[in-house]
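Q: Please take a close look at one part of this structure and describe it for someone who has not seen it before. Start from a single residue and work from there into the part you choose, keeping to what can be checked.

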Amino acid sequence: VSGEDARSFLNGLVTTDVTLLQPGLGRFGALLTPQGKITIDFLITEAPAGHGGGFLIDVPRPLAQTLADKLGFYKLRAKVAVENISDSMGVLAAWDGEPALKPDLAFADPRLEALGWRILVPEDLKQKVADLIGADLVDVDAYEAHRIASGVPRGGLDFMYSDAFPHETNMDRLHGVDFDKGCYVGQEVVSRMQHRGTARTRIVRLVLDDFSPETGTPVLAGDKQVGTMGSTADGKGLALLRIDRVADARFWFVPVRWLL
């Protein structure tokens, strides 16, 4: 997203404070519906002048064009250009240590220190960059297992887009909502939930006892559904649970231990 109005344009739309961005720094945020539900969540950084400036948005590849279209819808007369570059740029996630060198388009994952670093790079350079930063190139499943163990949800698996509020997906705890910034789409609903403490549903980490339920499996307390399973890996999982119902429950049909 580039152009002389790009910073103010984005800042008036998304949950994170884009005015604080600079090259080498990333922030976590989302574009919401007017009703305050997550349309798309993303990481965003500012590109240095040597890479053309503007803002680069790290978003799930299947949603890249959708986000570009939505930003184009809001553009109106703003001096902004929006381009989907997912065919030429990908993302490396690096964790369990500091990179030996930090490429220009690298930033610490703002959600959680354990998630490490994000590096924006063309796919054909992934091995070269991995060697440069002193990392082993591993399968994406290794990152997914690390993400799940860290308790960080993924849209489309742990919650459904356009169906969950930021508080329900722990965006408030993962530095994805700036409550002191100005207005943005859906801001009134999010602020009200924050001040009233009305979030009754949360993504929760689970320890699984010798089984891995499929995504979407109901979580039951007695004969009542209290939530839905999300992603699982290596005996750990995430679930979207009604915290008030779980607190009242005395017996579980699904053998899990849950941790906020």
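A: Asp210 is exposed, with a relative accessibility of 83%. This value comes from a predicted model. The residue lies in the loop between β7 and β8, where β8 covers residues 218-221. Asp210 and Asp234 are separated by 24 residues in sequence, and their C-alpha atoms are 9.5 Å apart in space.

From this exposed loop residue, the account turns to helix α4 and the loop that comes after it. Helix α4 covers residues 140-150, and the loop in question lies between α4 and α5 (187-196).

The start of α4 has a polar contact of its own. There, a side-chain oxygen of Asp139 comes to within 2.8 Å of the backbone nitrogen of Asp141.

Along the helix, the buried residues are Tyr143, Glu144, Ala145, His146, Arg147, Ile148 and Ser150. An α-helix has 3.6 residues a turn, so residues three or four places apart point the same way. The strands that the buried residues of α4 pack against are β4 (90-94), β6 (117-121), β7, β9 (224-233) and β10 (236-242).

Ser150 is one of the buried residues of α4. Its relative accessible area is 17%, and residues count as buried under 20%, so Ser150 falls on the buried side of the cut-off. A polar atom of the Ser150 side chain lies 2.8 Å from the backbone oxygen of His146, and His146 is itself among the buried residues of the helix. Leaving aside residues up to four places away in sequence, Ser150 touches Leu112, Ala114, Leu115 and Arg205. After the helix comes Gly151, which has a positive phi near 80°.

Arg147 is another buried residue of α4, with 3% relative accessibility. Its side chain meets that of Asp158 in a salt bridge, at 3.0 Å from N to O. Asp158 lies in the loop between α4 and α5 while Arg147 lies in the helix, so this pair ties together parts that are 11 residues apart in sequence. Asp158 is buried as well, at 4% relative accessibility.

A second salt bridge involves the loop between α4 and α5. Arg202 pairs with Asp172, and their closest N and O atoms are 2.8 Å apart. Because Arg202 belongs to strand β7 (residues 201-208) and Asp172 to the loop between α4 and α5, the pair ties together parts that are 30 residues apart in sequence. Arg202 is buried, with a relative accessible area of 10%. The bridge between Arg147 and Asp158 belongs to a network: salt bridges with shared partners join Glu144, Arg147, Arg154 and Asp158. Of these, Glu144 and Arg147 are listed among the buried residues of α4.

In total the structure holds 12 salt bridges. Another of them joins Asp109 and Arg111, with the closest N and O atoms 2.8 Å apart. Both Asp109 and Arg111 are buried.

The loop between α4 and α5 also contains two residues with positive phi. Asn170 is in this loop, and its phi is near 65°, a positive value in a residue other than glycine. His175 is in the loop too; it is not a glycine either, and its phi is positive at about 65°. Their surroundings differ in accessibility: Asn170 is buried, with a relative accessible area of 7%, whereas His175 is exposed, with 51%. The cut-off for exposed is over 50%, so the value of 51% places His175 in the exposed class.

Elsewhere in the chain numbering there is a sheet of three strands. This sheet is open, with the order β1-β2-β3 and antiparallel pairing. Its edge strands are β1 (26-32) and β3 (55-58), each of which pairs on one side only. From one strand to the next, the twist averages 35°. Strand β2 covers residues 38-46 and pairs with β1 in the antiparallel sense over seven bridges. Asp41 in β2 is the bridge partner of Ala30.

To return to the chosen part: the buried residues of α4 pack against five named strands, β4, β6, β7, β9 and β10. The loop after the helix is linked to α4 through Asp158 and Arg147, and to β7 through Asp172 and Arg202.

Definitions and conventions: Residues numbered from 1 in each chain as written. Predicted model: local features only at pLDDT ≥ 70, side-chain atom pairs only at ≥ 80, totals over all residues. Heavy atoms only, no water. Pairing = 2+ DSSP bridges. Helix = DSSP H or I, 4+ residues; strand = E, 2+ residues; numbered from the N terminus. Axes fitted to C-alpha atoms, helices over the stretch in contact; angles between N-to-C directions. Buried < 20%, exposed > 50% of the residue type's maximum accessible area, 1.4 Å probe, protein only. Polar contact = N/O pair within 3.5 Å; in protein donor to acceptor, adjacent residues only side chain to side chain. Contact = heavy atoms within 4.5 Å. Salt bridge = Lys/Arg side-chain N within 4 Å of Asp/Glu carboxyl O.
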